Amino acid sequence: MKRYGDFFTKIVDMENLHEAYCKASKGKHWQRNVRTYDADPIPWLMKLKESLEQGTFHTASYTTKQIYEPKERTIYILPFYPDRIVHHAIMNVLEPVFDKLMIYDSYSCRKGKGQHAGSRRCMEMVRHNRYCLKCDISKFYPSVNHEVLKTILRHKLKDKRLLALLDDVIDSTHTDTNVPIGNYLSQWFGNLYMNELDTYTKQHWHIRDYIRYCDDFCFFSNDKDELRKIRAELPGYLADTLKLKLSKCQLFPTAQGVDFLGYRHFPRYILVRKKTATRIRRHLREVMHILKQGRISPETAKAKVASARGWVKHANAHHYTVANHIDALWEEASGYA
């Protein structure tokens with residue numbers, strides 16, 4: 001397996017650090033902690049460059065908050081400077097490398113992929129196969145094993161200074177497991193971690209139609225016994241190799257509809273999932289409430305409504321009551337402009 005070499009020098013290059021600063025601050029210039037550096041970021045970036053080169057950079061302490069949609073999770077928050085800038089600087093360089101390692105049908109946090117592309121691809125697989133084995137991982141991000149993750153990274157990278165920097169981020173929770181939800185790097189750590197399953201699926205089980213988004217993944221086949229075999233072997237592979245366990249693992253006919261990425265995929269049409277429709281309604285009620293209070297602009301409200309509109313209309317068939325509700329809110333938001 002090819003291992004990739006000297007990236008650290010590219011990461012600490014001032015041009016890359018400035019690009020990382022621009023990405024990390026995008027849409028956040030109104031925040032006080034970002035405005036502090038906006039007047040003249042160069043001296044701060046030079047100081048960060050020196051800290052990285054001398055090995056004195058260490059991940060800051062996290063602040064946390066709880067969210068409850070779509071389920072209860074702990075979100076970890078790092079300071080804008082220097083941590084979030086460092087994460088972007090790393091991924092500016094590593095993203096193309098990591099992306100090349102992924103299989104085609106991995107759709108999480110990759111350019112040109114995403115939820116709608118994943119939904120379209122899932123629909124193709126539903127149409128061509130009679131059965132689906134749908135699985136997800138129990139408490140995925142909190143369960144990612146640090147030593148396993150470090151081993152995976154060392155199979156891909158050989159730059160010692162970069163590996164030391166990544167180790168610092170991985171160990172920042174001071175636990176044996178957990179890549180914190182909220183870290184930009186955690187998205188890619190998770191993707192790289194689950195890529196081990198992706199490649200094993202292709203090389204060991206030789207499944208053609210397999211798709212993954214984060215820790216949700218589906219195997220498709222016209223041979224039900226083939227999927228039964230995978231269902232029997234999968235828990236052992238996950239436990240032994242990745243130290244993970246399944247939350248769900250369901251084998252069923254695709255005619256029942258495959259619930260994936262917020263849609264329910266049937267051979268002839270797609271429906272918006274009921275929970276997704278409910279969440280859209282709730283979110284848009286909140287948007288209109290804060291618009292009426294003057295806490296957001298009409299343009300921002302319309303952008304949020306337009307996003308929901310696109311989500312619903314991606315389906316071949318959708319809940320017309322939801323679509324009509326969104327259209328009515330679009331008109332209402334337009335009236336504030």
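## Salt bridges within helices

A salt bridge here is a side-chain nitrogen of Lys or Arg within 4 Å of a carboxyl oxygen of Asp or Glu. The model is predicted. By this rule, it holds 14 salt bridges.

Glu19 and Lys23 make one of them. Their closest N and O atoms are 3.4 Å apart, inside the 4 Å cut-off. Both residues belong to helix 2. They sit 4 residues apart, about one turn of the helix. Glu19 is partly exposed, at 38% relative accessibility. Lys23 is partly exposed too, with a relative accessible area of 37%.

Arg121 pairs with Glu124. Here the closest N and O atoms are 2.8 Å apart. Both residues lie in helix 6, residues 114-128. They are 3 residues apart, so about one helical turn separates them. Glu124 counts as partly exposed because its relative accessibility is 36%.

## A buried salt bridge and a network

Asp198 forms a salt bridge with Arg212. The closest N and O atoms of this pair are 2.9 Å apart. Asp198 lies in helix 10, residues 184-205. Arg212 lies in strand 4, residues 210-213. The pair therefore ties together parts that are 14 residues apart in sequence.

Are Asp198 and Arg212 buried or exposed? Asp198 is buried, with a relative accessible area of 0%. Arg212 also counts as buried, at 0% relative accessibility. The cut-off for buried is under 20%.

Which residues do shared salt-bridge partners join into one network? They are Asp105, Arg121 and Glu124.

## Helix 2 against helix 4

Two packed helices are described by the angle between their axes and the distance between the axes. Helix 2 covers residues 14-25. It packs on helix 4 at an angle of about 120°. The axes are 10 Å apart. The two helices are therefore oblique to each other. Their crossing is right-handed.

Helix 2 contributes Met14, Leu17, His18 and Tyr21 to the contact. Helix 4 contributes Pro41, Ile42, Leu45, Met46, Leu48, Lys49 and Leu52. By class, the contact of helix 2 with helix 4 has 9 nonpolar residues, 1 polar and 1 charged.

## Helix 4 against helix 5

Helix 4 spans residues 41-54, and helix 5 spans residues 80-101. Their axes come within 11 Å. At what angle do the axes of helix 4 and helix 5 cross? The angle is roughly 70°. Angles of 65 to 115 degrees count as roughly perpendicular. Helix 4 and helix 5 are therefore roughly perpendicular to each other. The crossing is right-handed.

On the helix 4 side, the contact uses Trp44, Leu45, Lys47, Leu48 and Leu52. On the helix 5 side, it uses Tyr81, Pro82, Ile85 and Val86. The contact of helix 4 with helix 5 has 8 nonpolar residues, no polar ones and 1 charged.

Helix 4 thus has contacts on record with helix 2 and with helix 5. Leu45, Leu48 and Leu52 appear in the contact with helix 2. Leu45, Leu48 and Leu52 also appear in the contact with helix 5.

## Helix 5 against helix 9

Helix 9 covers residues 160-170. Helix 5 packs on helix 9 at an angle of about 135°. The axes are 12 Å apart. Helix 5 and helix 9 are therefore oblique to each other. Helix 5 passes helix 9 in a left-handed crossing.

Which residues of helix 5 and helix 9 meet? From helix 5 come Val86, His87, Ile90 and Leu94. From helix 9 come Leu162, Leu165, Leu166 and Val169. The residues of this contact divide into 7 nonpolar, 1 polar and no charged. Val86 of helix 5 meets helix 9 residues here, and Val86 is also listed in the contact with helix 4.

## Ser172 in the loop after helix 9

Ser172 lies in the loop between helix 9 and helix 10. Ser172 counts as buried because its relative accessibility is 10%.

What does Ser172 touch, not counting residues up to four places away in sequence? It touches Thr59 and Tyr62. Ser172 and Thr59 are 113 residues apart along the chain. Their C-alpha atoms are separated by 6.2 Å.

Notes: Residues are numbered from 1 along each chain as its sequence is written. This is a predicted model: local features need pLDDT of at least 70, side-chain atom pairs count only at pLDDT 80 or more; totals for chains, interfaces and linings use all residues. Side-chain values use heavy atoms; hydrogens and water are left out. Axes are lines fitted to C-alpha atoms, for helices over the stretch in contact, and angles run from 0 to 180 degrees between N-to-C directions. Angles under 35 degrees count as roughly parallel, over 145 as roughly antiparallel, 65 to 115 as roughly perpendicular and the rest as oblique. A crossing is left-handed if the near helix is turned anticlockwise from the far one by less than a right angle, and right-handed if clockwise. Contact means heavy atoms within 4.5 Å. Ala, Val, Leu, Ile, Met, Phe, Trp, Tyr, Cys and Pro count as nonpolar, Asp, Glu, Lys and Arg as charged, and the others, Gly among them, as polar. Buried means under 20% relative accessible area, exposed over 50%, partly exposed in between (1.4 Å probe, protein chains only).
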